[in-house]
Amino acid sequence: LTHPTDKAVLLDLYNKTRGDEWMEGYRWTRGVEKGLDPCDDFEFFKGLSCSGLYGDPDRHATKILLSYMGLNGTLPHDIGNLTMLEELLLTVNNVSGPLPTSLCRLKHLNTLDLPFNRMSGIIPECIEQMTKLFKVDLRTNMLEGTIPKQFGKLQDLQQLYLSENLLTGTIPPELYNARRLSILFLSYNQLTGTIPKLFGRFRMKETPAMTGLSWMDMRNNQLEGTYPSIIGDFGAV
């Protein structure tokens, strides 16, 4: 059975994103109307994965995979109560509003995929608490403010996509400290200043087993000065 706290958040997600209008075949409507359990009656809650086995008490949501499903609305403010969530994929929907700061309580989250939505507001600095993050994709939204330097504290982070937003300010040199970073997309924002000289120390990723950058995209900003010498070797600078 689904943990009561998780169940409350899942139903809130359904209600806040007009679940009865999701893509046909993926709506949770029948499960919700019948009062079924999200984790145990998973065939009525497509896109949801949970811990444990059928009938186990206190099962937790581990994956929410609802990309291209027509979600329209905002994320639950208490989404951080899904304490065992590992993957949140809501690519190409119509999710709007700010990124809830409670997201930062998702200590097990490794994939945060929210590109091609209408998210607004800032990227919360508390993102440094999400130490398991491997991929953050927030492309093509309406996010404002600066790029949090706290991304540099995420030692498992390998992919960071922030292109096509309304981000301003300078590129934080602290991003260099995310030593496993291999993809960095910052293009089509309103970033100013220069590319941090520290970025000249990035190694090129020449084999899958190596650490280092394989792709860096900073096009269409308001950056000044010259590129650190190594950056000329990367694609789409």
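This is a working chat about a predicted model of one protein chain.

Biologist: How many helices and strands are in the protein chain?

Modeller: The protein chain has two helices and 15 strands. Bear in mind that the model is predicted.

Biologist: What does the C-alpha trace span along its principal axes?

Modeller: About 60 × 30 × 25 Å.

Biologist: And what is the radius of gyration against that of a compact globule?

Modeller: The chain has 19 Å, and a compact globule of 237 residues would be near 18 Å, so the two agree.

Biologist: How much of the chain is buried?

Modeller: Buried residues account for 48% of the 237.

Biologist: What about the largest nonpolar core, how many residues has it?

Modeller: That core has 58 residues. Ile64, Phe151, Leu184 and Phe199 have the most contacts inside it.

Biologist: Which elements give two or more residues to this core?

Modeller: Those are α1, β1 (48-50) and β2 (61-65). The element that gives the most is α1, with four residues.

Biologist: Switching to sheets. What is the strand order in the open sheet of four?

Modeller: The order is β3-β5-β7-β9, and the pairing is parallel.

Biologist: Which are the edge strands?

Modeller: β3 and β9 (142-143), each of which pairs on one side only.

Biologist: How many bridges hold β3 to β5?

Modeller: Three bridges, in the parallel sense, with β3 covering residues 72-74. Threonine 74 has serine 96 of β5 as its bridge partner.

Biologist: Then what is the bridge partner of serine 96 in β7?

Modeller: Arginine 118. Strands β5 and β7 (residues 118-121) run parallel and are joined by three bridges.

Biologist: On to the backbone. Which phi value does valine 92 have?

Modeller: Its phi is near 55°, which is positive in a residue that is not glycine. For context, most residues other than glycine have a negative phi.

Biologist: Where is valine 92 found?

Modeller: Valine 92 is in the loop between β4 (87-89) and β5 (94-98).

Biologist: Why do you call valine 92 partly exposed?

Modeller: Because its relative accessible area is 31%, and partly exposed runs between 20% and 50%.

Biologist: What about asparagine 220, which phi does that one have?

Modeller: Asparagine 220 also has a positive phi, about 55°, although it is not a glycine. Its place is in the loop between β14 (215-217) and β15 (222-224). With a relative accessible area of 48%, asparagine 220 is partly exposed.

Biologist: Back to the surface. Which residues make the nonpolar patch?

Modeller: Met23, Tyr26, Tyr68, Val92 and Phe116 make a nonpolar surface patch of about 470 Å². Val92 is the residue with the positive phi near 55°.

Biologist: And where does tyrosine 26 lie?

Modeller: Tyrosine 26 lies in the loop between α1 (4-16) and α2 (29-33).

Biologist: What is the relative accessible area of tyrosine 26?

Modeller: It is 33%, so tyrosine 26 is partly exposed.

Note on methods. Residues are numbered from 1 along each chain as its sequence is written. This is a predicted model: local features need pLDDT of at least 70, side-chain atom pairs count only at pLDDT 80 or more; totals for chains, interfaces and linings use all residues. Side-chain values use heavy atoms; hydrogens and water are left out. Buried means under 20% relative accessible area, exposed over 50%, partly exposed in between (1.4 Å probe, protein chains only). Patches are made of residues with over 30% relative accessible area and no salt bridge: like charges are joined within 9 Å, nonpolar side chains (Val, Leu, Ile, Met, Phe, Trp, Tyr) within 5 Å. Accessible areas come from the Shrake-Rupley method with a 1.4 Å probe; for residues, only the protein chains shown count as cover. A salt bridge is a side-chain nitrogen of Lys or Arg within 4 Å of a carboxyl oxygen of Asp or Glu. Two strands pair if DSSP finds at least two bridges between them. A nonpolar core is a set of buried Ala, Val, Leu, Ile, Met, Phe, Trp, Tyr and Cys residues joined through side-chain atoms within 4.5 Å. The radius of gyration is taken over C-alpha atoms; the globule rule is 2.2 Å times the number of residues to the power 0.38.
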